[in-house]
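Trainee: Got a minute to go through this model with me?
Mentor: Sure, put it on the screen.

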Amino acid sequence: MKYFFILLLLNLSFLEKASAANGQPKEGPWSEYFQSQINARPHDLVTQAFGLIKNKKNATIIDLGAGNGKDIVNILKAGAIVYVFDADPESVNIIDKRFKYYVRSNKLLIHQMFFEDIKTLPKADMIIALCALPFMKKDKLMSFWKIIQESLNPNGIFVGTFFGEKHYAKRDPKQPKLFRLSREEILNLFTHFHILNFYEEIEYDESSSKSWGSDQFDHRYKIIARKKG
Ligand SMILES: C[S@@+](CC[C@H](N)C(=O)[O-])C[C@H]1O[C@@H](n2cnc3c(N)ncnc32)[C@H](O)[C@@H]1O
């Protein structure tokens with residue numbers, strides 16, 4: 001029994017190494033989130049934004065920080081070309097498996113990259129950045145924002161979210177850090193855009209408030225904007 005147990009342990013560590021060698025990513029910082037969203041439908045904001053694209057079949061769409069790819073399902077079905085940029089190997093792996101057909105037919109191009117390392121993006125009719133940009137290094141946001149603006153064709157659509165100044169929720173210290181922006185800072189990002197939808201949501205986070213012993217909020221800005229022509 002004892003030998004069997006030791007053998008089992010040896011086998012497990014062998015399997016772990018073998019899967020790392022096979023390029024199978026281990027559980028990462030976003031694993032739990034990706035799994036919780038596995039059956040999620042595309043976010044309403046993205047559906048609404050994609051509805052503004054006239055020639056969907058010939059459109060080029062970029063999803064920054066695509067996670068498990070839930071937001072590109074209908075976009076791919078509509079025939080658009082989709083570029084995905086995400087730093088997380090697990091995200092890239094899930095998307096590659098989930099949308100194999102589109103990868104094979106060159107309709108989906110996946111790039112495992114940190115936003116901070118991106119020097120240029122393809123020309124696009126729409127850029128999605130849902131719950132993604134606030135996790136990059138804050139001091140790199142403005143230079144990346146310039147790249148986003150340059151990538152968008154005239155009248156191109158940006159759809160994305162940012163955390164507001166009151167966003168505080170108890171987080172595991174191992175989870176990636178996030179930054180918050182004031183309403184004014186967010187509006188300043190959009191001087192070369194017409195803002196079409198600007199939602200500010202602030203929700204009392206009861207469980208975080210209890211565990212912190214002080215009031216915690218989920219404070220988000222959700223934006224759809226059209227680049228000036
Ligand atoms: C909270 S998840 C959001 C996923 C998806 N957009 C959604 O709304 O379900 C954040 C995603 O952004 C990616 N991400 C975070 N920081 C990044 C960075 N600096 N560069 C590239 N990707 C990043 C993560 O890997 C993750 O897939």
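**Tryptophan 30 and the ligand**

Mentor: Start with tryptophan 30, found in the loop between helix H1 (2–21) and helix H2 (31–36). Helices here are DSSP runs of H or I with at least four residues, numbered from the N terminus. This is a predicted model: local features need pLDDT of at least 70, side-chain atom pairs count only at pLDDT 80 or more, and totals for chains, interfaces and linings use all residues. Residues are numbered from 1 along each chain as its sequence is written, and side-chain values use heavy atoms, with hydrogens and water left out.

Trainee: What does tryptophan 30 touch, leaving out residues up to four places away in sequence?
Mentor: Asp88, Phe135 and Pro176. Contact means heavy atoms within 4.5 Å.

Trainee: And how far is its C-alpha from that of glutamine 175?
Mentor: 7.9 Å in space, though the two are 145 residues apart in sequence.

Trainee: Switching to the ligand. How many residues surround it?
Mentor: 19, and Tyr33, Gly65, Asp86, Phe115 and Leu130 are the closest. To count, a residue needs a heavy atom within 4 Å of the ligand.

Trainee: What is the class make-up of that shell?
Mentor: 13 nonpolar, two polar and four charged residues. Ala, Val, Leu, Ile, Met, Phe, Trp, Tyr, Cys and Pro count as nonpolar, Asp, Glu, Lys and Arg as charged, the others, Gly among them, as polar.

Notes: Helices (H or I, at least four residues) and strands (E, at least two) are DSSP runs, numbered from the N terminus.
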